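Thank you all for coming. I would like to take a few minutes to walk through one model with you, so please have a look at it before I begin.

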Amino acid sequence: MLLQPITDHAKIVHCSFNEKASISRKITVIALLSTMAATLQAAGGLIPAAGLFINPLATTR
């Protein structure tokens, strides 16, 4: 199928990453993603003008 729902792609990436990645790689990826989320979340206070546009990118819910 040419166009699959995004959840199917995310599920494939998730399963592939869980099977092939070592524990140290998983911890490193989690740490980098957490750092990015914290930086985007703090952007509203650090850069008031641009931070208002960047802050919604930090969370998905």
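Let me start with phenylalanine 17, which sits in helix α1, the element that spans residues 6-20. I should say early on that we are looking at a predicted model. Is this phenylalanine buried or exposed? Its relative accessibility is 30%, and because buried means under 20% and exposed means over 50%, phenylalanine 17 counts as partly exposed.

Phe17 also takes part in a nonpolar patch on the surface, where Phe17, Val29, Leu33 and Met36 together make about 340 Å². Which element gives the largest share of that patch? That is helix α2, residues 23-46, which contributes 3 residues.

Staying with helix α2, I would point you next to alanine 42, which lies in that helix and, with a relative accessibility of 33%, likewise falls in the partly exposed class. If you measure from C-alpha to C-alpha in the model, alanine 42 and isoleucine 54 are 9.3 Å apart in space, while 12 residues separate them in sequence.

Stepping back to the chain as a whole, the protein has 3 helices and 0 strands, so that, read from the N terminus on, the order of its elements is α-α-α. How much of the chain is buried? Of the 61 residues, buried ones make up 7%. The accessible surface comes to about 5,400 Å², and carbon and sulfur atoms account for 71% of that area.

Notes. Residues are numbered from 1 along each chain as its sequence is written. This is a predicted model: local features need pLDDT of at least 70, side-chain atom pairs count only at pLDDT 80 or more; totals for chains, interfaces and linings use all residues. Side-chain values use heavy atoms; hydrogens and water are left out. Helices (H or I, at least four residues) and strands (E, at least two) are DSSP runs, numbered from the N terminus. Buried means under 20% relative accessible area, exposed over 50%, partly exposed in between (1.4 Å probe, protein chains only). Accessible areas come from the Shrake-Rupley method with a 1.4 Å probe; for residues, only the protein chains shown count as cover. Patches are made of residues with over 30% relative accessible area and no salt bridge: like charges are joined within 9 Å, nonpolar side chains (Val, Leu, Ile, Met, Phe, Trp, Tyr) within 5 Å. A salt bridge is a side-chain nitrogen of Lys or Arg within 4 Å of a carboxyl oxygen of Asp or Glu.
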